[in-house]
Amino acid sequence: MKNTLLLIVSLFIFSCSDDEKPIEVVLEEVERGAVIRTVTINNSEFDINNTQSTFDIEIEEQDNEDGGLLEEVEVFVRFKDNTMEDGDLSTSNVLIQTIPAAEWTTGPDGLPRNSLNYSFEELLLTTERTIETINVKDQFIVSLNLKLTDGRSFDASNASSIIIAFNTFFSSPFCYTINVVDPISPDLFTGIYRMESILEGPNGETFVDELGQVPETMLIEIINGHSPNTREFRAFHNLHHRGLELPRRWEFSIVGNEAVMGKNQLSSPEGYCRRDAAPLLLGPDIQNGGASPTDDTVFELWFVEGFLGFDGECGFVTAPSRYRFSKQ
């Protein structure tokens, strides 16, 4: 069923009429479950200096009965210790909230909407951690389990790349990573940068121009993103559909002395090597590129293609790619 759904999505992503949404086409063509769309990310970082800083997003539930199958959504959180100065203090998932259907409001599209808003302090209490044990680069992972009235449930384990990828129609990752950061000045890591590949990806240089070529000097503009340390730029992936796509938005965050690639970033709706494959995903590598939180002259972004194993069935599974950015 997964491949069937993905094939239908990829076939219709560019061919739907103006009044016919991709989700409607999918629902007409295939029996499927449900998704929780990320409508807006207002903030997804915790300020190490402020326990009242919040994780704040708006979500929307969609199923093939326009929300009529929604029973409840369970929200879990766990702490991921990436610094381990006092040993590994990571925790397992803890249920922080259950949101029944009655507590959802009706959004502008007639579908159930809700907000997830948790303070740094609240997640510390839920995971039984203290601020003294938290460091910049640590993370909190918020995950969702969608339960339907027919007994089925959906989470990140039974969704494909076109569903879980951010900045797509679905944008339904069922999972959100909150980086603990020391906020940087909003003018840092913005402006025009020269982007240079220092380690090619599995299909050559990851980012190309609209013709699929790599200019001798590839310049991009970096702007502020949805959260204080988040930055974004636009570029084409080397598997993009020539002439039918706009450049995609790529996100990264400055976390301490590292530039961290965002998770679940879609190469392209047609980013695959076999027609009915799930499109290729990009995400953070095990190690991150270096960045000075006070000097944005040069930094490196290290990431992988084939994040979570979604390699577009190109045969490499997961492979690294690295870039150096130099301010102009």
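In this predicted model, E60 and R37 are both buried. Their side chains meet in a salt bridge, with a distance of 2.9 Å from N to O. The two residues come from distant parts of the chain and are 23 residues apart. E60 sits in strand β3, which spans residues 54-63. R37 belongs to strand β1, which covers residues 34-43.

A salt bridge also joins R113 to E58. Here the closest N and O atoms are 3.4 Å apart. R113 lies in strand β7, residues 112-119, and E58 in strand β3, so this pair ties together parts that are 55 residues apart in sequence. The two partners are placed as follows. R113 has a relative accessible area of 12% and is therefore buried, the limit being under 20%. E58 reaches 25% relative accessibility and so counts as partly exposed. R37, E58, E60 and R113 are linked in a network of salt bridges.

Across the whole structure, a search finds 15 salt bridges. Side chains of opposite charge can pair when their charged atoms come close. One of the bridges is formed by the side chains of R274 and D276, with 2.2 Å between N and O. R274 is partly exposed, at a relative accessible area of 35%. D276 also counts as partly exposed, at 24% relative accessibility.

Nonpolar packing was examined next. The largest nonpolar core holds 47 residues. Within this core, F55, V75, L116, L123, F140 and L144 touch the most other members. A second core is separate and has 27 residues, including I184, I220, I222 and F299. F55, a member of the largest core, has contacts with residues elsewhere in the sequence. With neighbours within four places in sequence left aside, F55 is in contact with N43, S44 and F46. The contacts of F55 also include L116, N117 and Y118. V142, Y176 and I178 are in contact with F55 as well. L116 thus appears twice: as a contact of F55, and among the core residues that touch the most other members.

Internal space was searched as well. The whole structure contains 1 cavity of 30 Å³ or more. The space in the largest cavity is about 30 Å³. Its lining includes D81, T83, M84, E85, D86, G87 and L89. T133 and N135 also line the largest cavity. By residue type, the lining divides into 2 nonpolar, 4 polar and 3 charged residues.

Note on methods:
Residues numbered from 1 in each chain as written. Predicted model: local features only at pLDDT ≥ 70, side-chain atom pairs only at ≥ 80, totals over all residues. Heavy atoms only, no water. 1 Å grid on protein atoms, 1.4 Å probe; cavity = no way out; pocket = protein on both sides within 12 Å on 5 of 7 lines; lining within 4 Å. Points joined across faces, edges and corners; volume = space filled by probe spheres on them. Nonpolar A, V, L, I, M, F, W, Y, C, P; charged D, E, K, R; others polar. Core = buried A, V, L, I, M, F, W, Y, C linked by side-chain atoms within 4.5 Å. Buried < 20%, exposed > 50% of the residue type's maximum accessible area, 1.4 Å probe, protein only. Contact = heavy atoms within 4.5 Å. Salt bridge = Lys/Arg side-chain N within 4 Å of Asp/Glu carboxyl O. Helix = DSSP H or I, 4+ residues; strand = E, 2+ residues; numbered from the N terminus.
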